[in-house]
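I opened this notebook to keep a record of what I looked up in the structure, going from one strand residue to the loops, the sheet, a helix and the rings.

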Amino acid sequence: MSGEETTAPEGISVEELQLATRNHGMPLEALRYDLTPAGMHYLLIHYDVPEVDPATWSLRIDGGVDRPATFDLAALRARPRRTVTTTMECAGNGRALLTPRAISQPWLREAVGTAAWSGVPLTALLDEVGVRDDTVELVFTGLDRGIEGGIEQAYARSLPVMECRREEVLLADVMNGAPLLPQHGAPVRLLVPGWYGMTNVKWLARIDAVSEPFRGYQQEKGYRFRTNEHDPGDPVTRIAPRALVEPPGVPDFMTRARSAPPGPTLLRGRAWSGRGPIRAVDVSTDDGATWATAELGPEISPWAWRSWQAPWNATEGTHVIRARARDATGRVQPDEPTWNVGGYANNAVQRVPVHVQGGIETAG
């Protein structure tokens, strides 16, 4: 139940085009970078980018805590800090390749990026305010507001307390060594390595400790694996394993179809998972008829993508390149996706047709 990169999704609406112009994916040639430049990192903005003055911004921690507190930006920046490099992926990445297609942001496979995020470990602030024993979740609320599912709301998501206590979960105000850009959640956003992007609440304004599971729209209605419109579904959580191919050769302007010269070449790409480091990547140059094990590059961090490479002696004709990842838990990418109403977590193996012919000169 999946489409191919060379097949255009039918019936793209004006509303979907409008979403596609507001949001953007990472050009797949940017897989060459260990850290994705901020302007190339994928971006999804649910509502509007709010107008926030860093000089007056504050974060309130309240609810089931012994010492409710408000922190301004200077107070946060004065605390011990940490930098975590992590790959962030939108839960809807691959949505437009499903049939039937969910009507939403029409992602192909570019909704991903890797950055070095710096900020204050959340667990240190939780110690300061004294989270009570009956707390089951923390609710994170941003300053962005809109209407979704007929409900006017601030964007809000929750996480179990144990997830919030992980050392790598940050209140981040720096991306790749520079202050957060407005579109990436300035002045402060939540960073939850390993979870799909919807968890990493931007323009963070409140954290509330609650003794019962949060029932907000983004938790109960959005971001759930549902088989039909009446199915309550299961929540979308951690990133499924995925490998992507850095596009070989050169593209056609309109179709992005790849052409490459014959001869020895090096196929390259990245692989990642939110459930554990990547342990292997297999590569096929004949559409899955045979597979070879790629060479893995160094591990940047447990939460970041890992480079891979594999030699290929390209012969004239059309070849289909595939790459599939396996993580430390043993999870492997499927050949075909499992369909769901929202079009979430489509991590089916990528297929990259490449036409090999003489007379092609590669860039660079």
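**Entry 1, a tryptophan in a strand.** I began with Trp312, which in this predicted model lies in strand β20, residues 306-314. Is the residue buried or exposed? At a relative accessibility of 8%, Trp312 falls under the 20% limit and therefore counts as buried. I then listed what Trp312 touches, leaving aside residues up to four places away in sequence, and found Gly263, Pro264, Thr265, Leu267, Thr285, His319, Ile321, Val354 and Val356. For one of these contacts, Thr265, I also looked up the separation from Trp312: the two are 47 residues apart in sequence, while their C-alpha atoms are 5.3 Å apart in space.

**Entry 2, cysteines.** How many disulfides does a search of the whole structure find? The search returned 0. I noted the accessibility of two cysteines all the same: Cys90 is buried at 4% relative accessibility, and Cys164 is buried with a relative accessible area of 0%.

**Entry 3, cis peptide bonds.** Next I turned to the backbone, where I noted that the peptide bond from Thr99 to Pro100 is cis, with omega near -5 degrees, and that Pro100 has its place in the loop between β3 (82-89) and β4 (112-121). I noted a cis peptide bond between Ala186 and Pro187 as well, with omega at about 10 degrees; Pro187 is found in the loop between β8 (178-179) and β9 (189-191).

**Entry 4, positive phi outside glycine.** I looked up Asn176, a residue other than glycine whose phi is positive, near 55 degrees. Asn176 is found in the loop between β7 (170-175) and β8, and with a relative accessible area of 27% it is partly exposed. Arg256, which is not a glycine either, has a positive phi of about 65 degrees. Its place is the loop between β14 (250-251) and β15 (258-260), and Arg256 is partly exposed, with a relative accessible area of 44%.

**Entry 5, the sheet around that loop.** The loop of Arg256 led me to its flanking strands, which belong to an open sheet of 6 strands with mixed pairing, in the order β14-β15-β22-β21-β17-β18. Which strands stand at the edges? They are β14 and β18 (292-293), and because each has a single partner strand, one side of each is left without a neighbour in the sheet. For β14 I followed the pairing with β15, which is antiparallel and runs over 2 bridges; in one of the bridges I looked up, Pro251 has Arg258 of β15 as its partner.

Within this sheet I also examined Asp282, which sits in strand β17, residues 278-284. Asp282 has a relative accessible area of 14% and is therefore classed as buried, the limit being 20%. Setting aside residues up to four places away in sequence, Asp282 touches Trp291, Ala292, Thr293, Arg322, Ala323 and Arg324.

**Entry 6, helix α3.** I asked which residues of helix α3 (residues 122-129) are buried, and recorded Leu122, Thr123, Leu125, Leu126 and Val129. Seen down the axis of α3, these buried residues fall within an arc of 160 degrees, so they line one face of the helix. Just after α3, Gly130 takes a positive phi of about 75 degrees.

**Entry 7, rings.** The count of aromatic pairs comes to 3. Among them I looked at Tyr42 and Trp107, an edge-to-face pair at 6.0 Å centre to centre, with 80 degrees between the planes. Tyr42 lies in the loop between α1 (14-22) and β1 (58-63), and Trp107 in the loop between β3 and β4, so the pair ties together parts that are 65 residues apart in sequence. Both Tyr42 and Trp107 are buried. The loop between β3 and β4 had already come up in Entry 3, as the place of Pro100.

Finally I looked for charges over rings, and noted that the charged end of Arg166 sits over the ring of Trp303, at 4.9 Å from its centre, and that Arg32 lies over the face of Tyr33, at 5.7 Å from the ring centre.

Note on methods:
Residues numbered from 1 in each chain as written. Predicted model: local features only at pLDDT ≥ 70, side-chain atom pairs only at ≥ 80, totals over all residues. Heavy atoms only, no water. Disulfide = S-S within 2.5 Å. Buried < 20%, exposed > 50% of the residue type's maximum accessible area, 1.4 Å probe, protein only. Contact = heavy atoms within 4.5 Å. Pairing = 2+ DSSP bridges. Arc of directions from axis to C-beta. Phe/Tyr/Trp six-rings, centres within 6.5 Å; stacked < 30°, edge-to-face > 60°. Lys NZ or Arg CZ within 6 Å of the ring centre and 35° of its normal.
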